[in-house]
Amino acid sequence: MRKQLQTMRAETEAAEARAAVANAKLRLVEEKLARLKQAEAREAVADAKLRLVTEKLARLKMEAHETGQQMRSDKETVKKEQEKQNSQEAKEEMTHEQQEKRESQEMVTADK
């Protein structure tokens with residue numbers, strides 16, 4: 001009977017030791033799982049930040065394109081206005097020269 005009790009105690013102690021080892025392994029697995037979840041959360045945050053940066057870059061590219069188009073349009077408008085002004089000045093100068101010629105011819109005619 002004593003031997004049986006000793007055997008049962010030994011078996012109990014062995015089972016407790018195995019349970020302690022299993023609990024330690026379980027804690028290690030739980031810690032690994034927690035680290036994995038943290039890494040996944042960090043990855044999700046990084047993905048979200050990347051999406052935001054990508055969207056902002058797309059907006060900036062669009063704005064740059066629109067600004068470039070507006071600058072070209074403004075440049076063309078300024079060029080047309082300058083040409084219009086130069087044409088008007090040339091017409092005015094030509095009209096002034098024609099007026100001077102008429103006055104000069106009138107003077108010559110009046111002198112005769």
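**Figure 1. The overall dimensions of the protein chain.** A compact globule of 112 residues would have a radius of gyration near 13 Å, yet the protein chain comes out at 48 Å. Please keep in mind that this is a predicted model. The C-alpha trace spans about 165 × 10 × 5 Å along its principal axes. As for secondary structure, the protein chain has 1 helix and 0 strands.

**Figure 2. The surface of the protein chain.** Here we turn to accessibility. Of the 112 residues in the protein chain, 1% count as buried. The chain exposes about 10,900 Å², and carbon and sulfur atoms supply 56% of that area.

**Figure 3. Two alanines, Ala 15 and Ala 46, set 31 residues apart in sequence.** In space, the C-alpha atoms of Ala 15 and Ala 46 are 46 Å apart. Ala 15 is found in helix α1. Because its relative accessibility is 33%, Ala 15 counts as partly exposed.

**Figure 4. A negative surface patch built from glutamates.** Seven names are worth finding in this view: Glu 89, Glu 92, Glu 93, Glu 97, Glu 100, Glu 103 and Glu 106 form the patch. One of them, Glu 100, lies in helix α1, which covers residues 2–111. Glu 100 has 43% relative accessibility and therefore counts as partly exposed.

**Figure 5. Charges across the protein chain.** Stepping back from the patch, we can take in the whole set of charges. The protein chain carries 24 positive and 23 negative charges. The mean positions of these two groups are 18 Å apart.

Notes:
Residues are numbered from 1 along each chain as its sequence is written. This is a predicted model: local features need pLDDT of at least 70, side-chain atom pairs count only at pLDDT 80 or more; totals for chains, interfaces and linings use all residues. Side-chain values use heavy atoms; hydrogens and water are left out. Patches are made of residues with over 30% relative accessible area and no salt bridge: like charges are joined within 9 Å, nonpolar side chains (Val, Leu, Ile, Met, Phe, Trp, Tyr) within 5 Å. Accessible areas come from the Shrake-Rupley method with a 1.4 Å probe; for residues, only the protein chains shown count as cover. A salt bridge is a side-chain nitrogen of Lys or Arg within 4 Å of a carboxyl oxygen of Asp or Glu. Lys and Arg count as positive and Asp and Glu as negative; His and the chain ends are not counted. The place of a charge is taken as NZ of Lys, CZ of Arg, CG of Asp or CD of Glu. Helices (H or I, at least four residues) and strands (E, at least two) are DSSP runs, numbered from the N terminus. Buried means under 20% relative accessible area, exposed over 50%, partly exposed in between (1.4 Å probe, protein chains only). The radius of gyration is taken over C-alpha atoms; the globule rule is 2.2 Å times the number of residues to the power 0.38.
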